[in-house]
Amino acid sequence: MTGAEPFVGRPIPIGSAEYDGSRFASGHTALDDWIRTIARRAEGRTARTYVVVAESGELAAYYCLATGAVARAASPRKLRKDAPDPIPVAIIGRLAVSQAFARRGIGSGLLQDAFRRIVQIADIVGCTAVLAHAIDAEAAGFYRKYGFNEFPDGTRAMFLAVAALQTVVGEPS
Ligand SMILES: CC(C)(COP(=O)(O)OP(=O)(O)OC[C@H]1O[C@@H](n2cnc3c(N)ncnc32)[C@H](O)[C@@H]1OP(=O)(O)O)[C@@H](O)C(=O)NCCC(=O)NCCS
């Protein structure tokens, strides 16, 4: 990121955020529609959404977190050891960066923020893995960069063991 680019803040809870989402365009209509029309209604009921707002007030990016469970048979073998059926997971439900803000490290920052929050969740309740559903093959490539593995192959269900997060997240900032 160079100094010429507009400042964007850290992810904050949608409930305490004010922003203009009218120009949000991630390249995926489903992700754009969700943040515009569903996120605030879902907040605290089925998901928690965190947003990144640019200095201009424009919505730059968002992701949401939820909890869930995955059948052992649908989970990677290394997560099954000593795990119940179904296996408890934290879900990164949606994650998107508006194209005007792409390739500046914001997507990576969203994931780091999600990981920090999931480590906190796992300190309180049992949680074996992080599950993300990649919207397309490119998104699957993005998640792979951060250690996620697809299972079963071809489904774009991406898993990462919670035990691996502590090293990724490091010390709290
Ligand atoms: C994928 C996405 C979140 C990346 O956001 P971003 O802010 O542009 O990404 P960053 O600048 O943080 O890049 C982080 C790393 O991911 C890589 N990356 C970025 N977009 C990528 C893509 N589409 N496919 C694979 N890797 C990608 C970058 O090259 C970078 O790697 P590097 O550090 O080795 O250079 C964003 O392009 C997006 O919202 N896409 C549409 C929706 C989507 O695919 N969401 C993902 C989950 S469904």
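## A seven-strand sheet and the helix across it

Seven strands (DSSP E runs of at least two residues, numbered from the N terminus) make an open, mixed sheet, ordered β1-β2-β3-β4-β5-β7-β6. Two strands count as paired if DSSP finds at least two bridges between them. β1 (12–13) and β6 (149–150) sit at the edges with a single partner strand each, so one side of each has no neighbour in the sheet.

A word on the model: it is predicted, so local features need pLDDT of at least 70 and side-chain atom pairs count only at pLDDT 80 or more, while totals for chains, interfaces and linings use all residues. Residues are numbered from 1 along each chain as its sequence is written.

β3 and β4 pair antiparallel over 10 bridges, and Ala61 has Val97 in β4 as its bridge partner.

Now for the helix. α1 (helices are DSSP H or I runs of at least four residues) lies across β2, β3 and β4. Its buried residues (20 or more other C-beta atoms within 10 Å of their own, placed from the backbone) are Leu31, Trp34, Ile35 and Ala39. These buried residues pack against the following strands (contact means C-beta atoms, placed from the backbone, within 7 Å):

| Strand | Residues |
|---|---|
| β2 | 48–53 |
| β3 | 59–70 |
| β4 | 87–97 |

α1 runs at about 105° to β4 (axes are lines fitted to C-alpha atoms, for helices over the stretch in contact, with angles from 0 to 180 degrees between N-to-C directions).

α1 also has a kink of about 50° centred on Ile35, the bend being the angle between axes fitted to the seven residues ending there and the seven starting there. Just after α1, Gly44 has a positive phi of about 80°.

How values were computed: A residue is buried if 20 or more other C-beta atoms lie within 10 Å of its own, exposed if 12 or fewer, and partly exposed in between; C-beta atoms are placed from the backbone. Two residues are in contact if their C-beta atoms, placed from the backbone, lie within 7 Å.
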